[in-house]
Amino acid sequence: MDSSDFSGFCTSRSSVREFDDDPLSEEEISYILSCASTAPSAGNLEAWDVVVVTDEETRSALAEAAFSQDHVEHAPVIFVVCSNYVRSMSRYGERGILYGLEDATIACTYMMLAAHAEKLQSCWTGAFDDDDVREILSLPPHIRPVSLLAVGKGHPPAQHTDRMRIGEHVHRETW
Ligand SMILES: Cc1cc2nc3c(=O)[nH]c(=O)nc-3n(C[C@H](O)[C@H](O)[C@H](O)COP(=O)(O)O)c2cc1C
């Protein structure tokens, strides 16, 4: 892949919130998970874990926990990407809280891009009630859910979302 392939790959991804009924194959799920495991992490501690949810009732409960976001119920798979604080705090103390969130976020980004590479659609879902998700999935206390990544076969929108101009983000040398 050259640099123009890479920018084309990035710009062709969009969040999709409507999915067909088709399930993902085990190979597609494994591919997404194996790409996540190549993500960088602080101290290579990989302070993230994921709960792969395909069960319809559980997806429906997660959709409720996500303030009734329908796509969470209708996507065939929800990757509930979590930060595992114990892993990062054991070496980094308080700083490990931040690293755990970063590790989970990067792993989720890799999963989202892996889904795109497999020509699947996805929607990163960050709006949910943490306690409800904890209860539905029996998460231990040191595990924080960071994202419900909904993945399935869907239809990308005709138009991509707008972005800020890059100059609005970038500061050179100092702020
Ligand atoms: C941290 C984070 C939280 C998000 N939470 C939600 C969400 O709860 N529901 C939703 O429909 N989309 C959510 N999104 C998707 C964004 O709305 C979407 O990425 C953004 O509008 C840009 O559109 P694009 O992904 O199509 O480029 C979230 C994305 C991120 C990175």
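This note sets out points on helix packing, strand pairing and backbone geometry in a predicted model.

1. Packing of H3 and H7. Helix H3, residues 56-65, packs with helix H7, residues 130-137, at an angle of about 165°. The axes of the two helices are 9 Å apart. Because angles over 145 degrees count as roughly antiparallel, H3 is roughly antiparallel to H7. The crossing in which H3 passes H7 is right-handed.

2. Residues at the helix contact. On the H3 side, the contact is formed by Thr58, Ala61, Leu62 and Ala65. Their counterparts in H7 are Asp132, Val133, Ile136 and Leu137. By class, the residues of this contact comprise 6 nonpolar, 1 polar and 1 charged. Thr is counted as polar and Asp as charged under the classification used, and Thr58 and Asp132 both take part in the contact.

3. Strand S3 and its environment. Strand S3 covers residues 121-125, and 4 of its 5 residues are buried. The strand is therefore largely enclosed by the rest of the structure.

4. Pairing of S3 with S4. Strand S4 spans residues 143-152 and is joined to S3 by 5 bridges. The two strands run antiparallel. As a point of reference for inspecting the register, Cys123 has Ala150 in S4 as its bridge partner.

5. Backbone at Ser68. Most residues other than glycine have a negative phi. Ser68 has a positive phi, near 60°, and is not a glycine. This residue lies in the loop between H3 and helix H4, the latter being residues 70-74. Ser68 is partly exposed, because its relative accessible area of 46% falls between the limits of 20% for buried and 50% for exposed.

6. Backbone at Glu173. A positive phi also occurs at Glu173, with a value of about 70°, although this residue is not a glycine. Glu173 is placed in the segment after S4. With a relative accessible area of 81%, Glu173 is exposed, since the cut-off for that class is over 50%.

7. Separation of Glu173 and Ser30. Glu173 and Ser30 are 143 residues apart along the chain. In space, the C-alpha atoms of these two residues are separated by 42 Å.

Key
Residues numbered from 1 in each chain as written. Predicted model: local features only at pLDDT ≥ 70, side-chain atom pairs only at ≥ 80, totals over all residues. Heavy atoms only, no water. Axes fitted to C-alpha atoms, helices over the stretch in contact; angles between N-to-C directions. Helix = DSSP H or I, 4+ residues; strand = E, 2+ residues; numbered from the N terminus. Parallel < 35°, antiparallel > 145°, perpendicular 65-115°, else oblique. Left-handed = near helix turned anticlockwise from the far one by under 90°. Contact = heavy atoms within 4.5 Å. Buried < 20%, exposed > 50% of the residue type's maximum accessible area, 1.4 Å probe, protein only. Pairing = 2+ DSSP bridges.
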